[in-house]
Every structure is written in C-alpha cells, then in structure tokens.
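Me: I should like to study a protein model step by step, by means of short questions and reasoned replies. Please show the sequence and the structure before the discussion begins.

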Amino acid sequence: QVQLVESGGGLVQAGGSLRLSCAASGIIFSINTLGWHRQAPGKQRELVATITGGGSTNYADSVKGRFTISRDNAKNMVYLQMNSLKPEDTAVYYCSSTLGGVFNSRRAYWGLGTQVTISS
C-alpha cells in the first residue's frame with residue numbers, strides 16, 4: 001500500500017522560508033520520480049517541482065531560484081525548501097510519486113497535502 005505523508009506547512013510572512021517534507025512508503029523509492037504540486041483556492045493543481053531517481057530536477061518558472069527539491073533515498077523522503085516566499089505561494093502543497101523517470105498525473109500516487117499560507 002502506497003502512502004505519501006506531507007508535513008512542514010504553516011503560516012509565514014512574505015520573504016520567509018519553509019521546508020516541506022514527504023515520507024513515502026510502499027514503493028521502490030529510488031526508481032520513482034517524486035514531485036511537489038500545489039493548488040490554490042479556485043485554481044487548478046499545478047506542478048511545482050519534480051526530481052527523478054537519478055536526481056534530475058525540474059521547476060515551475062514561478063519558483064525557479066526560490067524553491068529547491070531534494071530527496072533522500074535512504075530515508076524514503078523528499079523535501080521542498082521554499083525561500084523568499086510570496087503571498088501567491090499560498091496553497092495546499094501535495095507530494096506525488098510516479099514509477100519511472102517522468103511524472104505522470106494519471107499514474108501518480110498522491111499525498112493528502114499540507115497547507116502553506118504566506119501573509120503579506
């Protein structure tokens with residue numbers, strides 16, 4: 001049974017930082033592409049960042065230079081370090097896992113999300 005559990009969300013002021021964590025179980029972690037996504041009220045879920053088993057990363061233009069995705073294959077953990085946060089980063093952040101080298105929304109497993117709120 002695949003489980004993805006996010007943590008680390010909260011309320012911070014603009015310009016601040018947060019580190020999200022996602023603990024994965026029930027998958028062969030090292031061969032999965034892990035991702036972070038977010039959904040703001042009234043908007044569609046959007047991809048924030050992904051990282052392959054080999055460590056290749058991909059970021060949405062809106063977070064490049066501010067967010068960093070990383071993974072610890074020994075601990076089955078994926079992280080999202082978020083710096084220089086803006087009010088528009090406010091959303092529920094979700095962790096995903098896709099078997100293979102590319103994120104695929106139709107085949108991905110999802111966590112339940114963690115709320116991130118940035119005050120101006």
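The questions below concern this predicted model, beginning with its overall build and ending with its charged side chains.

Me: How many helices and how many strands does the protein have?
Reply: From the N terminus on, the elements run β-β-β-β-β-β-β-β-β-β-β. The secondary structure therefore consists of strands under the DSSP assignment. The count is 0 helices and 11 strands.

Me: What is the radius of gyration of the protein, and what would a compact globule have?
Reply: Along the principal axes, the C-alpha atoms fill a box of roughly 40 × 25 × 25 Å. A compact globule of 120 residues would have a radius of gyration near 14 Å. The value for the protein agrees with this, being 13 Å.

Me: Which strands stand at the edges of the open sheet of 4 strands?
Reply: The order in this open sheet is 1-3-8-7, and the pairing is antiparallel. An edge strand has a single partner strand, so one of its sides is left without a neighbour in the sheet. The edge strands are strand 1 (3-7) and strand 7.

Me: Which residue in strand 8 is the bridge partner of Arg 19?
Reply: Strand 3 and strand 8 run antiparallel, and 6 bridges join them. For Arg 19, the bridge partner in strand 8 is Gln 81.

Me: Is Ile 28 buried or exposed?
Reply: Ile 28 is found in the loop between strand 3 (18-25) and strand 4 (32-39). Its relative accessibility is 57%. Because the cut-off for an exposed residue is over 50%, Ile 28 counts as exposed.

Me: Is Arg 38 buried or exposed, and where does this residue lie?
Reply: Arg 38 lies in strand 4. Its contacts include Val 48, Phe 67 and Val 92. The relative accessibility of Arg 38 is 6%. Since buried means under 20%, Arg 38 counts as buried.

Me: Which side chains make polar contacts with the side chain of Arg 38?
Reply: One polar contact, of 2.6 Å, joins the side chain of Arg 38 to that of Glu 46. Another, of 2.9 Å, reaches the side chain of Tyr 93. The partners named here are Glu 46 and Tyr 93.

Me: Why can the contact between Arg 38 and Glu 46 be called a salt bridge?
Reply: Side chains of opposite charge can pair when their charged atoms come close. A salt bridge requires a side-chain nitrogen of Lys or Arg within 4 Å of a carboxyl oxygen of Asp or Glu. Arg 38 and Glu 46 therefore qualify, because their N to O distance is 2.6 Å.

Me: Which residue forms a salt bridge with Lys 64?
Reply: The closest N and O atoms of this pair are 3.1 Å apart. The partner counts as exposed, at 63% relative accessibility. The partner of Lys 64 is Asp 61.

Me: How many residues apart are Arg 66 and Asp 89?
Reply: Arg 66 forms a salt bridge with Asp 89, and their closest N and O atoms are 2.8 Å apart. This pair links distant parts of the chain: Arg 66 is in the loop between strand 6 (57-59) and strand 7 (67-72), while Asp 89 is in the loop between strand 8 (77-82) and strand 9 (91-99). The two residues are 23 residues apart.

Me: Which residues are joined into one network by salt bridges that share partners?
Reply: The structure holds 4 salt bridges. Both Arg 66 and Asp 89 are buried, whereas Glu 46 is partly exposed, with a relative accessible area of 37%. The network joins Arg 38, Glu 46, Arg 66 and Asp 89.

Technical notes: Residues numbered from 1 in each chain as written. Predicted model: local features only at pLDDT ≥ 70, side-chain atom pairs only at ≥ 80, totals over all residues. Heavy atoms only, no water. Buried < 20%, exposed > 50% of the residue type's maximum accessible area, 1.4 Å probe, protein only. Polar contact = N/O pair within 3.5 Å; in protein donor to acceptor, adjacent residues only side chain to side chain. Contact = heavy atoms within 4.5 Å. Pairing = 2+ DSSP bridges. Rg over C-alpha atoms; globule rule 2.2 N^0.38 Å. Lists of a residue's contacts leave out its neighbours within four places in sequence.
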